[in-house]
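These notes are for a colleague opening the structure for the first time. Please read them with the model on screen.

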Amino acid sequence: MDEADRNAVLSIAESIAPLDRDAFEPVLSAMRCASHEPGELVIAAGEREPREYFVLSGILKTYVGDAEGREATLAFHVGPCALTPSIARVADERSQGNAGPLPSFLDPLGGPDAKRQVWGRSRVNCIAMTKTRVAGFPSVALMECMLRSPSIQRWGDTVLRAELVRRADREWALAALSAAERLLQFRREYAGLEDAIAHHHIASYLGITPVTLSRVRAQVRDAETDGHFRLFATDRSSVVRPKS
């Protein structure tokens, strides 16, 4: 990893929470950078994927697919940022009796504690929506640093807590807000993203159909043109819900 990428990672990490750079050095040493073209998978569902990522530039989308090939968008990641922690992306196989030690090629530190870490398969896909550059490293490198350094432990806890809050906020929005309110919330959370990606991805994230999104965008635009905004009731028949 060159100096520019290293500095970019540190800038992202320290924007999340303060950390001890010396204690974080093993993570930086284990880190590798890669560039991805639009449409290229960074993470594929089902692969063994105990890795963490920083998005240095570009836009990624995490999503899941059903048996009929339909996608449900879970989150967007607009660089510079940290990707969703692996603990929230990877299935815990301990309950299935499939847990085992990390293979040596995923264990850069080689310590006995690292050998005891469980690993699982990715629950999600993560795809580049634009030309993207990421910095990735084995999760075990961060785990080892967290065990050794209270500063890194606090940093890791902050990353996970932020993800839990984001998920709770999204679950509440899907259950409690109208389509128009969800769109406005999306615009606040992902400023400018609406103009950068295809709108069917946004519709999937909001839990509505592309047709409903088009109608809601027009309603919001008309209300803003009139100089006021009122909350619109969602047409519940158009909300995309998982099959029971």
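**Notes on the fold**

1. In β7, C126 is the bridge partner of T62. This is a predicted model, and that pair is a convenient place to start reading it. T62 belongs to β4, which spans residues 59-65, while β7 covers residues 125-128. The two strands pair in the antiparallel sense over four bridges. K61 also faces β7, standing opposite I127.

2. What lies across from I127 in β2? L41 stands opposite I127 there. β2 and β7 run antiparallel and are joined by two bridges. I127 therefore has a residue opposite it in β4, namely K61, and another in β2, namely L41, as strands of a sheet pair through backbone hydrogen bonds.

3. The wider arrangement is an open sheet of four strands in the order β2-β7-β4-β5, with antiparallel pairing. β2 (41-43) and β5 (71-78) are the edge strands; each has a single partner strand, so one side of each lacks a neighbour in the sheet. On average, neighbouring strands here are turned by 30 degrees against each other, direction ignored.

4. Are the faces of β7 covered or open? Both are covered. N125 and I127 are buried on one side, and C126 and A128 are buried on the other. In a regular strand, side chains alternate between the two faces of the sheet.

5. Helix α7 (residues 199-206) contains H201. Is H201 buried or exposed? H201 counts as buried because its relative accessible area is 15%, and the cut-off for buried is under 20%. Leaving aside residues up to four places away in sequence, H201 touches K61, T73, F76 and M129. K61 is the residue of point 1 that stands opposite I127.

6. H201 is one of the buried residues of α7, together with I202, A203, Y205 and L206. The cover over these buried residues includes the strands β4 and β5 and the helices α5, α6 (179-189) and α8 (210-225). Just after α7, G207 takes a positive phi of about 80 degrees.

7. Which residues have the most contacts inside the largest nonpolar core? They are V9, F24, M31, F54, F137 and W155, in a core of 22 residues. At least two residues each are supplied by α1 (3-16), α2 (25-30), β3 (51-57), β8 (132-138), α4 (139-148) and α5 (150-176). The largest share, four residues, comes from α1.

8. V9 shows how this core is connected. Not counting residues up to four places away in sequence, V9 touches M1, F24, L28, M31, F54, L56 and A135. F24, M31 and F54 also appear among the residues with the most contacts inside the core. A second, separate core has 20 residues, including A179, L193, Y205 and L213. Y205 is also among the buried residues of α7.

9. Some figures for the chain as a whole follow. The protein chain has eight helices and eight strands. Of its 244 residues, 45% are buried. Among contacts with a separation of 6 or more, 73% are between residues 24 or more positions apart. The accessible surface of the protein chain is about 12,700 Å², and carbon and sulfur atoms account for 53% of that surface.

Conventions:
Residues are numbered from 1 along each chain as its sequence is written. This is a predicted model: local features need pLDDT of at least 70, side-chain atom pairs count only at pLDDT 80 or more; totals for chains, interfaces and linings use all residues. Side-chain values use heavy atoms; hydrogens and water are left out. Two strands pair if DSSP finds at least two bridges between them. Axes are lines fitted to C-alpha atoms, for helices over the stretch in contact, and angles run from 0 to 180 degrees between N-to-C directions. Buried means under 20% relative accessible area, exposed over 50%, partly exposed in between (1.4 Å probe, protein chains only). A nonpolar core is a set of buried Ala, Val, Leu, Ile, Met, Phe, Trp, Tyr and Cys residues joined through side-chain atoms within 4.5 Å. Contact means heavy atoms within 4.5 Å. Accessible areas come from the Shrake-Rupley method with a 1.4 Å probe; for residues, only the protein chains shown count as cover.
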